[in-house]
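Thanks for coming, everyone. Please take a look at the structure on the screen before I start.

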Amino acid sequence: MAEVTLRDVARAAGCSVATVSRVLAGTRPVGAETARAVRQAADRLGYRPNEVARALRSRVTGTVGLVLPQIANPFFPSLVRELDRALHAEGRAVLLADCDDDPEVEAARIAALSGRRVDALLVIPVDERRSREAVAAAAARVPLVLLDRGCGPGVADSVAVDNAAGMALVLAHLAATGRRRPCFIGAAGDASAAAERRAAYATGAAALDPAAPERALLGEFSVEWGRAAVDRLWPARPDAVVCANDLIAAGALQRLRQLGADVPGKVAVTGFDDIPLAGLADPALTTVRQPLPELAAEAARLLLDRPAGATVPGPRRPVRTVRLAPELVVRASSAPSGA
């Protein structure tokens, strides 16, 4: 079947092509009767706008590029779902690119999405330092928001949870339940979320035990690393294992059970992010919940604050930073010592 055109709708509605275009685009007021006739004709004929042609005319594609570090991490699909909902509500589609935790691949993905003329970019950077050049270059061309992680001051607008506040909630909870010998299993590298969480642990844990900051091992955000780190930390017999995310915590919890450790009687385990796995663990995992709908809504708000395709004359507007409050979700993995 031949594609229905604006000319076909105009003929069926008894008006000009220009009038049909104004009605369907909503660019100028048109009489109520005429507008009704145009819409009825478009529905009857099954007219669908040519988005490619519209993008070429307006230089607005209705798409937002999203570059993330590792889709295999369950935290990111949950965040992507919320972002898709928030942007779809604003008439935008999301183009997703995974860079497999590689800054060079990340730079190539950013360039590829820019080449597809996306209206804006959302980037969850792999590395605060090594991602900066590609992110800054893209931010000079299109609206760009950093999500969950940063690239240093002044690079682009950013939205993230307050990682230090989240870690403070964990440590306060452990102190209140009688834990005094915590250890930390985190991620190495320069991802800002990893750095903020390990720094907050070092600061807060020292109040429980001056030696606690030294009981820390850094690897990667994975179940495998959580298991391996427990083998190295367990000889020191900590009474709490504080993990930088839920994947690490799941691996730590599994290995502690294999070693015959009494969880939570003798040792508590905590995570960060509250991915679905956290509630399914045995025992269920105490963790820090990130406010994903709010993160997505704030990211969309910052992106849409400047119309796609528009240029901003004069000095560059100040970079905006949004930090959202986390929530501690207490579950069975951190019941009071001796309970």
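I'll go through two helices, one loop residue, and then the empty spaces. Keep in mind that this is a predicted model.

Let's start with helix 3, residues 32-45. How far apart are its end C-alpha atoms? They are 20 Å apart. The helix has 14 residues, and at 1.5 Å a residue the expected span is 20 Å, so the two values agree.

Now, which residues of helix 3 are buried? They are A35, V38, A41 and A42. Seen down the helix axis, these buried residues fall within an arc of 130 degrees, so they line one face of helix 3. Turn to the other side of the helix, and you find A32, E33, D43 and R44 exposed. What lies over the buried face? The cover includes helix 1, residues 6-13, and helix 2, residues 17-25. Just after helix 3 comes G46. Its phi is positive, near 75 degrees.

On to helix 7, residues 132-139. Here V135, A138 and A139 are buried. They cover an arc of only 100 degrees around the axis, which puts them on the same side of helix 7. What do they pack against? There are helix 6 (103-115), strand 3 (120-123) and strand 4 (144-147).

Next, a single residue in a loop. R215 sits between helix 9 and strand 7, the strand being residues 216-219. Is R215 buried or exposed? Its relative accessibility is 11%, and buried means under 20%, so R215 counts as buried. Leaving aside residues up to four places away in sequence, R215 touches R180, R181, P182, C183, F184, Y201, D209 and L233. Hold on to C183 and L233 from that list. Both come back shortly, in the lining of a cavity.

So to the empty spaces. Rolling a probe the size of a water molecule over the atoms shows where empty space is left. How many cavities of 30 Å³ or more does the structure hold? Two.

The largest cavity contains about 80 Å³ of space. Its lining is N73, F75, F76, D148, R149, A193, R197, F221, N245, D273 and Q290. Helix 5 (75-88) and helix 9 (192-205) are the elements that give two or more residues to that lining. By class, the lining has four nonpolar, three polar and four charged residues.

The second largest cavity has a volume of about 30 Å³. It is lined by C183, I185, V230, L233, W234, P238, V241 and L256. Strand 6 (182-187) and helix 10 (223-233) each supply at least two of these residues. What about classes here? The lining counts eight nonpolar residues, no polar and no charged.

Last stop, a pocket. The second largest pocket has a volume of about 470 Å³. How many residues line the second largest pocket? There are 23, and D101, R149, A187, E220 and F221 lie nearest its centre. By class, that lining has 11 nonpolar, five polar and seven charged residues. Two names should sound familiar. R149 and F221 are among the residues nearest the centre of this pocket, and R149 and F221 also line the largest cavity.

That's my tour. Questions, please.

Terms used
Residues numbered from 1 in each chain as written. Predicted model: local features only at pLDDT ≥ 70, side-chain atom pairs only at ≥ 80, totals over all residues. Heavy atoms only, no water. Helix = DSSP H or I, 4+ residues; strand = E, 2+ residues; numbered from the N terminus. Expected span 1.5 Å × (residues − 1). Buried < 20%, exposed > 50% of the residue type's maximum accessible area, 1.4 Å probe, protein only. Arc of directions from axis to C-beta. Contact = heavy atoms within 4.5 Å. 1 Å grid on protein atoms, 1.4 Å probe; cavity = no way out; pocket = protein on both sides within 12 Å on 5 of 7 lines; lining within 4 Å. Points joined across faces, edges and corners; volume = space filled by probe spheres on them. Nonpolar A, V, L, I, M, F, W, Y, C, P; charged D, E, K, R; others polar.
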